[in-house]
Amino acid sequence: MEDLFRQFPFLVQISQHRIVGLYKKVYKLVLEFPNYPTTKNCHVAVYFANSPISLNIDQSSFIDVNSYVHSLLTKLESEKYSENTSIIKSNVSVVLAPLAIDMLALQRKYDCVLVFDKYLRQIEFKNFERNGNHMLALNRVGVDLFKVCQHTLPELAVSEALKRHNSMHRHLETFLYTLAQMEEFYSNLATIDELCYVILPATIDTKTVFRVFKYDLKVFLKITLHPLSPMEVDISFLGPTKQVAKLKEMYSEKQKDWDPKCSVYTNLLRIFNIIAFPMRPAGMPSPESEDNCGICMNYHVAGHVWTIPIISCDNEQCPLVFHIHCLKEWFSTQRESKCFFSISIGNCPYCKHKISSSFDVILDSVV
């Protein structure tokens, strides 16, 4: 019977011809095959919620046991069978009624919107009173066992915590507890979104832990916050070599003065000794704007992750900035352009000054 148990690992042999198993954590199977590997003189009983159910499977001909078990499971999984069997209907009500009561109690307790399907196979809690843009969706994998199928928190914060539980109550409690711990994290990101010219992520969501925003015309900052330790800030700089080196030195020298009582935004202003970061303009730049790409002459370009110009050459007198993809295409047409590992080196289309950038590293770091 080894082949049978390999194909259906939930089955267990308890005597020479007797096999039992719990399928989908709902159906109890009791199988007897005295003439294995055929179904001759076999006896099969299936129970749902401790109540026997009739299968109506043709046993007039002797077939292979593996094929028979496969047909049996297909019958159990068929929607038609589930809907037309009165004993299942009654027992489903018995099983689901307590779950429905628990769900409504949780909805009242946390003042949220509750969405679910007919058989409570999937349950979604959303639009919480203080966190309307968050949601938690659960799949029911047993009578009262659940696993998380979707949520709105950063994976770094919840990946392990939510895996440790299997009850609806514990999943929701863990989710909301983690969300409460992340209040400062979301507050810091919200301040940056409001007061800085954020270019990435293109669409702000609740799962992203980084922001890329303008420092000045040619320099961009990328900050990454830890969801549960928002003062753990990782900062990288994108821009001309000399300007980036100067900012790195300034940050390194003043990082020790970081004040945990202040927001990330305020600390960055103090470190770089500025009044404010550039803010997003009210409208799109004009065709003559210095913010436009020096190659395609556009600002936003649909279909690319980096939709605004961000790369510039090391010539401080050169006013141009370029889209990453435009500059890569430009380099590909120039004989003097070279590529060493992930570093691309070429000349500025405007002033012919050297431009070097690790395009792939930049893209991979934020996508």
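Run a salt-bridge search over the whole structure and you get 8 hits. Keep in mind that this is a predicted model. We'll visit a few of those pairs, then move on to a sheet.

**Stop one: helix α1.** Select residues 2-7, which make up helix α1. Show side chains for Asp3 and Arg6: they meet in a salt bridge, with N to O at 3.8 Å. The two sit 3 residues apart in the helix, about one turn. Colour by accessibility and Asp3 comes out partly exposed at 42%, while Arg6 is exposed at 60%. Now add Glu2 to the selection, since salt bridges with shared partners tie Glu2, Asp3 and Arg6 into one network.

**Stop two: β2 and β3.** Next, pick Arg18 and Glu32. Their closest N and O atoms are 2.5 Å apart, in another salt bridge. Arg18 belongs to strand β2 (residues 18-23) and Glu32 to strand β3 (residues 27-32), so to speak a link between distant parts of the chain, 14 residues apart. Both partners are partly exposed: Glu32 at 27% and Arg18 at 30%.

**Stop three: a longer reach.** Select Glu155 and Lys207. What joins them is a salt bridge whose closest N and O atoms lie 3.3 Å apart. Glu155 is in helix α5 (residues 155-158), Lys207 is in the loop between β10 and β11, and 52 residues separate them. Glu155 is partly exposed at 43%, and Lys207 is partly exposed too, at 33%.

**Stop four: the sheet.** That loop leads us on to the strands. Show β10 to β13 as cartoon: they form an open sheet of 4 strands in the order β10-β11-β12-β13, with antiparallel pairing. Which strands stand at the edges? They are β10 (198-200) and β13 (229-238); each has a single partner strand, so one side of each has no neighbour in the sheet. Look along the sheet and you'll see the twist, which averages 30 degrees from one strand to the next.

Zoom in on β12 (residues 220-226) with β13: this antiparallel pair is held over 7 bridges. To find one of the partners, click Phe220, whose bridge partner in β13 is Leu238. Then bring up helix α9 (residues 264-272), which packs on the sheet and touches β11 (210-214), β12 and β13. Its direction makes about 45 degrees with that of β13.

**Last stop: zoom out.** Show everything: the protein has 11 helices and 16 strands. Of its 367 residues, 42% are buried. Switch on the surface and about 20200 Å² is exposed, 53% of it from carbon and sulfur atoms.

Terms used:
Residues are numbered from 1 along each chain as its sequence is written. This is a predicted model: local features need pLDDT of at least 70, side-chain atom pairs count only at pLDDT 80 or more; totals for chains, interfaces and linings use all residues. Side-chain values use heavy atoms; hydrogens and water are left out. Two strands pair if DSSP finds at least two bridges between them. Axes are lines fitted to C-alpha atoms, for helices over the stretch in contact, and angles run from 0 to 180 degrees between N-to-C directions. Contact means heavy atoms within 4.5 Å. Buried means under 20% relative accessible area, exposed over 50%, partly exposed in between (1.4 Å probe, protein chains only). Accessible areas come from the Shrake-Rupley method with a 1.4 Å probe; for residues, only the protein chains shown count as cover. A salt bridge is a side-chain nitrogen of Lys or Arg within 4 Å of a carboxyl oxygen of Asp or Glu.
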